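Trainee: I would like to go through this model one helix at a time. Where should we begin?

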Amino acid sequence: NSYLFHVKLDPSEFLSGLEHHFIKPPKAKKNEKIKPNKTEMTKPIDNNNHHDIIIWNNPRKKIWGFHVHQELPIEEFAKALVIQHKCESFLLTNHIQISAKDAIQPGYGPHLEYMWELRIESEKDRVLEKIGLATIFMTVNRFGLSAYIHPLMQDPNLTGEEELKAEGSLNQRNVIWFHHKVPQKQDFFFHPPKDENNQLIDTRTLRVMNTIEKDEL
């Protein structure tokens, strides 16, 4: 369900190239016969030149889940936790199953501030409609605070560093931001911290906030 096109992408000639290949047929002078004109569209694809290849993906098959987040300083995070609860209730009311929900202290993965998340990871059926519902809810219920939603597109069978790289290149680079984008350490996905045995360091577990910590806010 992908589609392959071969196009000319020379910036200096792009518009004139489109005009020549797709809009205007060549004009013949009087008593002159038109010879077939070989264009870039008829040349074989150069598999070593990735700029020549455009692949169109079916989003219903490419996207299999999504995460909803807010990442804010401590002084705004108490309000954000209320938004998390209301967003969770809205999703559940609309029959969207939540795989995980947490509030996490700064330092987890790329996150530099306090962050909450709602993970929707088992709702591939009609996932685009479900992302739409979450997007609309956060559009009208953020109360001026930043928020973001990102799709899940990586191979769910990947693990370790390969999984992180896929998350960084496919998910984190295709984020829907609301209001403003907050600073993050995106290099985490490509150069994650490791211990003396070259094993990935768990930056999440010790930072997940318990109920008492959240209630204190």
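Trainee: Is the crossing of α3 and α4 left-handed or right-handed?

Mentor: This is a predicted model, where local features need pLDDT of at least 70, side-chain atom pairs count only at pLDDT 80 or more, and totals for chains, interfaces and linings use all residues. Residues are numbered from 1 along each chain as its sequence is written, and side-chain values use heavy atoms, with hydrogens and water left out. Helices are DSSP runs of H or I with at least four residues, and strands are runs of E with at least two, numbered from the N terminus. A crossing is left-handed if the near helix is turned anticlockwise from the far one by less than a right angle, and right-handed if clockwise; that of α3 and α4 is right-handed.

Trainee: Which residues of α4 make the contact with α3?

Mentor: Contact means heavy atoms within 4.5 Å. From α3 come Ile83, Lys86, Cys87, Phe90 and Leu91, and from α4 Leu133, Ala134, Phe137 and Met138.

Trainee: Why are the buried residues of α4 on the same side?

Mentor: Buried means under 20% relative accessible area, exposed over 50%, and partly exposed in between (1.4 Å probe, protein chains only). In α4 the buried residues are Val127, Lys130, Ile131, Ala134, Thr135, Phe137 and Met138. They share a side of α4 because, around the axis, they cover an arc of only 165 degrees, taken from the directions from the helix axis to the C-beta atoms.

Trainee: Which exposed residues does the opposite face of α4 carry?

Mentor: That face is turned away from the buried side of α4. Its exposed residues are Ile136 and Val140.
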